[in-house]
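Got the structure open in your viewer? Let's take a walk through it, one selection at a time.

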Amino acid sequence: MRILLLALAAAFGMTACAPAQEPANRAEIEQIVRDYILTNPEIIEEALIELQRRARQREQDAMLGAVTSSEDRLYADARDPVVGADNPVVTVIEFFDYRCPYCTVSNEWIQSVLEEHGDQVRFVFKEFPIRGEQSTNASRASLAVWRIAPQSYEAFHNALMNASGPLPDERIDAFAVTAGVDVAAMRAEMASDEITRQLSDVRELAQAIGITGTPFFIVGETVVPGADIDSLNRLVNDALSR
């Protein structure tokens, strides 16, 4: 309580020196603040909300700074799978995990954007498996397909993304067969050091930006944590209308 009183005193500008004719010590200031809180208890909630807002703003500012300094690694990594326009009006980056249910929701949005604006919007997919071994195996398989059969990537990616439940090896292989992928070639490529390095590089990039969950989008100079479809639609539509 004492810390909260001091914090509120600071918020009210009561930590500066008082005029010489009105001396005040810490106890007097705390009593003034305590009396004010008891009379206006809602000020505590308002102060906490404001503190949370400022913390979120600081976090977003730090992320934007990291995004700006990592622009080449975000937009110009030739290893990343891409879907959509060759010469896009807007490029959207997504960090995702195949076993993340919110990524499934966001993938539905991605497909709708591609159907409507596929000649103007490009998606860059950053494999960021954070939900265990099956997530990692799915990511390795997807990157392998991108390397050996890029024409089959989108179908394979969507099959994995729309799958519910576990993703054991046999299920991943079945999706590969349906997408027209040579499973033996995919499995061989999955074990490559290049894919290991790519996953490590993406994880390092995510940590540098401050990404802790999936999905995580970057649209222009704006970061969008989570499957915030309303914000994503607004950002893409704004970019397309310029």
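A salt bridge, for this tour, is a side-chain nitrogen of Lys or Arg within 4 Å of a carboxyl oxygen of Asp or Glu. Keep in mind that you are looking at a predicted model. A search of the whole structure turns up eight salt bridges, and we'll drop in on some of them later.

**Stop 1: the sheet**

Start by colouring the strands. They form an open sheet of five, in the order β1-β3-β2-β4-β5, and the pairing is mixed. Now pick out β1 (82-84) and β5 (222-225): each has a single partner strand, so one side of each has no neighbour in the sheet. Turn the view and follow the twist, which averages 20 degrees from one strand to the next.

Strands in a sheet pair through backbone hydrogen bonds, and they can do this parallel or antiparallel. You can look at both kinds here. Select β1 together with β3 (residues 121-127): they pair in the antiparallel sense, over three bridges. Zoom in on Val83 and you'll find Phe123 of β3 standing opposite. Next, swap β1 for β2. Seven bridges join β2 to β3, and these two run parallel. One place to look is Val90, whose bridge partner in β3 is Val121.

**Stop 2: the two faces of β2**

Stay with β2 (90-96) and show its side chains. In a regular strand, side chains alternate between the two faces of the sheet. Which residues point which way from β2? Val90, Val92, Glu94 and Phe96 go one way, while Thr91, Ile93 and Phe95 go the other. Is β2 mostly covered or mostly uncovered? It is mostly covered: seven of its seven residues are buried.

**Stop 3: α5 and its neighbours**

Now add helix α5 (residues 101-117). This helix packs on the sheet, touching β1, β2, β3 and β4, and its direction makes about 155 degrees with that of β3.

Bring in helix α7 (residues 153-162) as well; α5 and α7 pack at an angle of about 145 degrees, with their axes 9 Å apart. Their crossing is left-handed. To light up the contact, select Cys103, Thr104, Asn107, Gln111 and Leu114 on the α5 side, and Glu154, His157, Asn158, Met161 and Asn162 on the α7 side. Sorted by class, that contact has three nonpolar, six polar and one charged residues.

**Stop 4: Arg140**

Jump to helix α6 (residues 133-148) and select Arg140. Is Arg140 buried or exposed? With a relative accessible area of 14%, Arg140 is buried, because buried here means under 20%. Show what surrounds Arg140: leaving out residues up to four places away in sequence, Arg140 touches Met190, Ala191, Ser192, Ile195, Thr196 and Leu199. Try putting a distance label between the C-alpha atoms of Arg140 and Met190. They are 5.3 Å apart, although 50 residues separate the two along the chain.

**Stop 5: the salt bridges**

Time for those charged pairs. Side chains of opposite charge can pair when their charged atoms come close.

Select Arg73 and Glu204 first; their side chains meet in a salt bridge, at 3.5 Å from N to O. Arg73 sits in helix α4 (residues 71-75) and Glu204 in helix α10, so this pair ties together parts that are 131 residues apart in sequence. Both ends are partly exposed: Arg73 has a relative accessible area of 35%, and Glu204 has 46%.

Next, show Asp201 and Arg79, whose side chains form a salt bridge at 2.9 Å, N to O. Here too the pair links distant parts of the chain: Asp201 is in helix α10 and Arg79 in the loop between α4 and β1, 122 residues apart. Asp201 counts as partly exposed at 31% relative accessibility, and so does Arg79 at 28%. Add Asp77 to the selection, and you have a network of salt bridges linking Asp77, Arg79 and Asp201.

Then move to Arg187 and Asp169, which meet in a salt bridge at 3.7 Å, N to O. Arg187 lies in helix α9 (residues 183-190) and Asp169 in helix α8 (residues 169-178), so this pair joins parts 18 residues apart in sequence.

**Last stop: a cis bond**

Finally, select Thr214 and Pro215. A cis peptide bond joins them, with omega at about -10 degrees. Where is Pro215 found? Look in the loop between α10 (193-209) and β4 (216-219).

Note on methods
Residues numbered from 1 in each chain as written. Predicted model: local features only at pLDDT ≥ 70, side-chain atom pairs only at ≥ 80, totals over all residues. Heavy atoms only, no water. Helix = DSSP H or I, 4+ residues; strand = E, 2+ residues; numbered from the N terminus. Axes fitted to C-alpha atoms, helices over the stretch in contact; angles between N-to-C directions. Left-handed = near helix turned anticlockwise from the far one by under 90°. Contact = heavy atoms within 4.5 Å. Nonpolar A, V, L, I, M, F, W, Y, C, P; charged D, E, K, R; others polar. Pairing = 2+ DSSP bridges. Buried < 20%, exposed > 50% of the residue type's maximum accessible area, 1.4 Å probe, protein only.
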